[in-house]
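Here's a quick briefing to read alongside the sequence and the 3D view. Have both open as you go through the points.

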Amino acid sequence: MNASASLEAVRPAPIAVPGGRIPPQNLDAERSVLGGVLLDNAALNEILELLKPEDFYRDAHRKVFEAMCALSSRGEPIDRVTLKDELTSLGAYETVGGEDFIDLLDKLVPSAANLIYYATIVHEKALARRVIEAAHAIATQGYEQAGEVGEFLDDAERRIFAITEEKAQSAFMHVREIVKSTFKTIEQLYERQEEITGISTGFADLDRLTSGFQPGDLVILAARPSMGKAQPLDAPVLTPTGYVPMGEVRPESLVVGADGKPKRVLAVFPQGTKPVFRVRFTDGATVECCDEHLWFTTSRTESRAPGSRGSVKRLSDIRASLHVAGEADRLNHRIPLVAPIEFSPRGRPLLLPPYLLGLLLGDGSLRDRSAPFSGSEEDLRERLPPDVFATDTVTVDGIATAIPRKSTARHSRTRVALEQYGLYGLGSLEKFIPEDYLFASAGERLDLLRALLDTDGEVTAPGGQIVAYSAGSQRLAKEVEWLVRSLGGLVEAGASGVLISFPNGIVPVSSKKHLTRWNAHADRSGGRFIASVEPAGEKPCQCILIESDDHLYVTGDFVVTHNTAYCLNVATHVGCRARYSGKRIGVGIFSLEMPKEQLVMRMLSSEARVDSQRIRTGRLIESDWPKLAHAAGGLADANIHIDDSPGMSALELRAKSRRLAGRFADSEAPLGLIVVDYLQLMKGNERIDSREQQISEISRSLKSLAKELNIPVLALSQLNRSLEKRPDKRPQLSDLRECVTGDTLVLLADGRRTPIRELVGQEPQVVAVAPGGGIVAARADKIWKVGPRPVHKLAFASGRTLRCTSRHRLLGAAGWQQVSALASGDRIALALPTPQLEFRSGPIRASLATDAVALRPAANVVRWDRLLSITPAGVDEVFDLTVPGPASWLADGIVSHNSGALEQDADTIIFLFREEVYEKDKEEVKGIAEIIVGKQRNGPIGVANAAFIHEFTRFENLARDYVPHGGN
């Protein structure tokens with residue numbers, strides 16, 4: 001090779017950048033790094049923590065460094081001869097400059113003493129280039145305006161966040177320095193003479209197990225999610241514009257709350273296919289829900305208790321107590337009625353006054369003839385004229401009215417309106433209420449209803465509050481039911497028609513004839529009771545979380561509820577009472593579940609020990625006010641900060657936490673705890689299809705935040721509902737995982753098939769299947785042993801077998817499916833790469849890439865295998881791995897999904913369990929909560945017990961002489 005060719009190899013390649021400027025680089029430092037490694041092979045180990053091949057600006061330098069890394073990984077020396085041979089095998093020897101370039105490197109650096117300094121220069125220039133590349137890509141996307149702005153912001157965050165994470169890497173520290181800092185910590189602990197070395201939770205038994213939440217720890221608090229408040233996807237949900245199927249409800253949708261007002265949907269939780277029950281009410285209404293669905297009902301016993309308004313109950317419990325004990329004909333559960341509903345304005349005026357339309361739909365005529373109203377009272381004669389247009393030709397003769405035929409002089413505005421609504425000329429069997437009136441304001445709907453009942457209604461008995469009503473048109477009768485129920489009333493079947501009542505106190509009639517028989521002080525109707533519950537098959541279901549103080553929403557005239565509490569008790573204790581290193585502790589709460597006002601209301605209830613229901617309804621008693629005032633003072637003085645921004649990303653949360661920590665760093669109450677309520681509501685990277693992978697990315701970010709700020713981060717997480725199927729409902733770590741046995745063969749990118757147990761602690765390149773279906777190589781960033789778990793054995797037509805937990809997922813014809821949902825005969829994806837997985841002329845090596853890279857097209861062979869059988873296979877040690885990006889791997893060719901890294905990232909995992917939820921008849925477990933420490937990286941695991949006071953939504957320490965059930 002001539003000299004000009006070798007010089008060309010080291011000359012910077014022209015790169016098009018904005019403004020024509022050359023990106024940051026230092027070619028001398030790059031060549032000095034390579035030359036230093038040739039002089040001292042051992043120096044490569046010192047710089048590998050800092051440098052990666054892609055950090056080199058010049059492509060030739062990058063190829064040489066890759067070759068050096070490959071030689072080092074095989075334990076071979078790095079010199080002129082071996083480096084030439086390796087570059088030749090990669091087909092890159094002539095490309096990098098050949099003999100002249102190797103000779104240049106060999107003579108360039110006299111000593112390797114400054115190699116770390118050269119490597120630092122190269123790394124910092126690479127970081128600067130990545131920032132420029134990210135900024136350029138963000139600017140380009142911004143100008144193109146392609147896609148949604150939310151996706152653009154998410155991608156911008158991801159690009160910057162990736163660079164920040166790369167810079168935050170740490171290196172080894174000599175044990176001498178660690179011993180000094182550790183001994184100082186021990187001296188401080190000795191001086192304090194305290195059992196709690198971290199942040200006290202306020203729960204004595206839990207503090208004894210954990211010594212408090214430790215700085216830098218990620219603590220996961222996992223609990224049963226929302227107790228299964230699920231409805232079928234075809235169940236009607238009332239919105240401000242009318243009913244929609246549950247399956248169409250999305251986050252940020254508006255639904256109608258129990259107070260009749262619009263409520264924002266914070267989150268939607270698909271529940272899969274579940275057994276469904278049809279619930280029938282005494283007024284004939286029916287709804288469908290699952291057996292775990294929660295209802296707020298008042299039982300006969302509760303109705304007799306002073307001040308009681310009822311309680312939240314599961315449908316399964318209601319089924320067991322549907323009738324009063326010993327009285328088979330007496331129903332037991334009454335549900336609340338919705339307040340008058342506020343529908344969204346339709347944006348167009350009503351063409352007829354509602355009361356006039358009601359009279360015409362009642363006994364009036366919709367044709368061109370006169371028809372007297374049955375009630376010819378003077379008050380109706382006085383009321384009707386103001387409702388008639390001044391220029392109209394509607395006549396009032398006593399109380400008779402007529403809509404005259406069209407004349408050349410003037411058209412009746414009433415007739416024109418009726419024609420526009422399609423009502424003119426209809427007979428009594430064809431009448432209906434125009435849709436605009438069904439969705440009118442509450443006052444307008446009441447006016448319409450009163451006119452209908454004034455003409456066709458009858459107060460059933462003197463001194464009563466029930467109106468009998470009948471209509472010749474079935475459609476009109478159904479729409480009158482809509483009016484009544486939309487105003488919070490009851491409609492029940494009568495002898496000839498329906499009986500209408502309003503427990504909320506609304507008077508549905510206005511004529512003197514009816515009012516003389518109406519008694520506003522009479523006992524009101526008994527309300528709507530659950531009459532029967534019967535199976536209705538299986539249907540896909542989901543539940544929703546709404547932005548409401550009571551979490552109630554309307555669907556087919558029924559309501560449900562939602563609740564969380566423990567994490568709030570910990571945050572309040574830390575912010576109000578706990579101390580660390582002699583200072584009060586600041587708390588940052590990210591409430592993605594409920595607004596800050598509702599959160600504080602719940603905190604006040606818990607701290608003041610005032611019934612939360614009394615606070616929500618405003619029905620406080622005199623003794624509540626001093627308690628609330630005292631609690632409000634304590635909370636106001638606490639350094640607690642609440643951010644209730646919905647859909648927050650990990651990057652936003654970290655940025656806000658840093659600012660909050662910096663703001664109070666030198667104060668008397670520095671930030672000491674971050675609470676995230678809850679993890680599944682955080683916004684993930686939308687470019688990642690797998691929600692599990694998004695959660696994994698979020699958990700890693702929270703762990704990094706804990707280490708960066710050196711404070712504990714407490715994150716709430718939902719448990720998988722599979723625990724409901726176990727005889728023992730206590731949550732376990734397996735409820736967070738999906739795993740395989742240790743002998744499962746992992747197909748590696750270099751062609752090896754290695755048992756997963758032999759890969760623990762490594763980060764190998766594995767073969768995976770990309771979302772688009774292609775076979776790729778990707779880095780597994782975590783492989784670890786989970787522990788003993790019940791497993792199943794799967795046998796396939798290809799002769800392959802797989803042993804895994806029931807939650808492990810495989811790629812089937814319908815997408816990713818859990819093993820528990822598979823059956824014999826199902827088709828499962830089988831990826832069959834060729835024996836040689838090659839890049840260029842050499843095998844794939846872990847040093848070549850960290851992200852997924854496409855294999856040769858010849859290797860991309862995916863076909864279907866048939867599942868022959870699934871059988872229980874006892875208990876065995878199981879293992880797990882995560883593969884960022886593709887979120888999959890090949891278990892001896894079987895395409896398997898990886899689960900998130902939630903368990904691996906967490907330092908401490910705590911489960912909440914209340915046995916009384918499942919064992920209603922066990923008196924000894926009522927009011928008792930188990931706080932199960934399922935994992936603790938630096939301490940014991942075990943169970944702490946606490947008292948749960950439902951009316952205060954509060955957990956308390958148990959008396960020290962409490963002995964758990966079964967104890968001695």
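What follows covers the chain as a whole, then some helix pairs, then a couple of single residues.

This is a predicted model. Its protein chain carries 27 helices and 45 strands, and 50% of the 968 residues are buried.

**The chain overall**

- Take the contacts in the protein chain with a separation of 6 or more: 69% of them join residues 24 or more positions apart.
- About 44,000 Å² of the protein chain is exposed, with 52% of that coming from carbon and sulfur atoms.

**Helix 2 with helix 4**

- Helix 2 spans residues 27-39 and helix 4 spans residues 59-73; their axes sit 11 Å apart, at an angle of about 25 degrees.
- Angles under 35 degrees count as roughly parallel, so helix 2 and helix 4 get that label.
- Helix 2 goes past helix 4 in a left-handed crossing.
- On the helix 2 side, the contact uses Leu 27, Glu 30, Arg 31, Leu 34, Val 37 and Leu 38, while helix 4 brings His 61, Val 64, Phe 65 and Met 68.
- Sorted by class, that contact between helix 2 and helix 4 comes to 7 nonpolar, 1 polar and 2 charged residues.

**Helix 14 with helix 18**

- Helix 14 (residues 354-361) and helix 18 (residues 442-456) cross at roughly 30 degrees, and their axes come within 7 Å.
- With the cut-off for roughly parallel set at angles under 35 degrees, helix 14 and helix 18 therefore qualify as roughly parallel too.
- Their crossing, helix 14 over helix 18, is right-handed.
- Helix 14 puts in Pro 354, Tyr 355, Leu 357, Gly 358, Leu 359 and Leu 361. Facing them from helix 18 are Glu 444, Asp 447, Leu 448, Arg 450, Ala 451, Leu 452, Asp 454 and Thr 455.
- The mix in this contact of helix 14 with helix 18 is 8 nonpolar, 2 polar and 4 charged residues.

**Helix 18 with helix 19**

- Helix 18 also packs with helix 19 (residues 474-486), at an angle of about 130 degrees and with the axes 10 Å apart.
- That angle makes helix 18 and helix 19 oblique to each other.
- Helix 18 and helix 19 have a left-handed crossing.
- Arg 445, Leu 448, Leu 449 and Leu 452 of helix 18 make the contact with Val 480, Leu 483, Val 484 and Ser 486 of helix 19.
- By class, the contact of helix 18 with helix 19 splits into 6 nonpolar, 1 polar and 1 charged residue.
- Leu 448 and Leu 452 are worth finding in the viewer: they take part in the contact with helix 14 and also in the one with helix 19.

**Glu 668**

- Look for Glu 668 in the loop between helix 25 (650-663) and strand 24 (671-677).
- Its relative accessibility is 58%, so Glu 668 counts as exposed.
- Leaving aside residues up to four places away in sequence, Glu 668 touches Lys 583 and Arg 584.
- Glu 668 and Ile 585 are 83 residues apart in sequence, yet their C-alpha atoms are 8.2 Å apart in space.

**Val 862**

- Val 862 belongs to strand 39, which covers residues 862-882.
- With a relative accessible area of 42%, Val 862 is partly exposed.
- The C-alpha atoms of Val 862 and Gly 774 are 8.3 Å apart, although 88 residues separate the two along the chain.

Technical notes: Residues numbered from 1 in each chain as written. Predicted model: local features only at pLDDT ≥ 70, side-chain atom pairs only at ≥ 80, totals over all residues. Heavy atoms only, no water. Axes fitted to C-alpha atoms, helices over the stretch in contact; angles between N-to-C directions. Helix = DSSP H or I, 4+ residues; strand = E, 2+ residues; numbered from the N terminus. Parallel < 35°, antiparallel > 145°, perpendicular 65-115°, else oblique. Left-handed = near helix turned anticlockwise from the far one by under 90°. Contact = heavy atoms within 4.5 Å. Nonpolar A, V, L, I, M, F, W, Y, C, P; charged D, E, K, R; others polar. Buried < 20%, exposed > 50% of the residue type's maximum accessible area, 1.4 Å probe, protein only. Areas by Shrake-Rupley, 256 points an atom, 1.4 Å probe, with all protein chains shown as cover.
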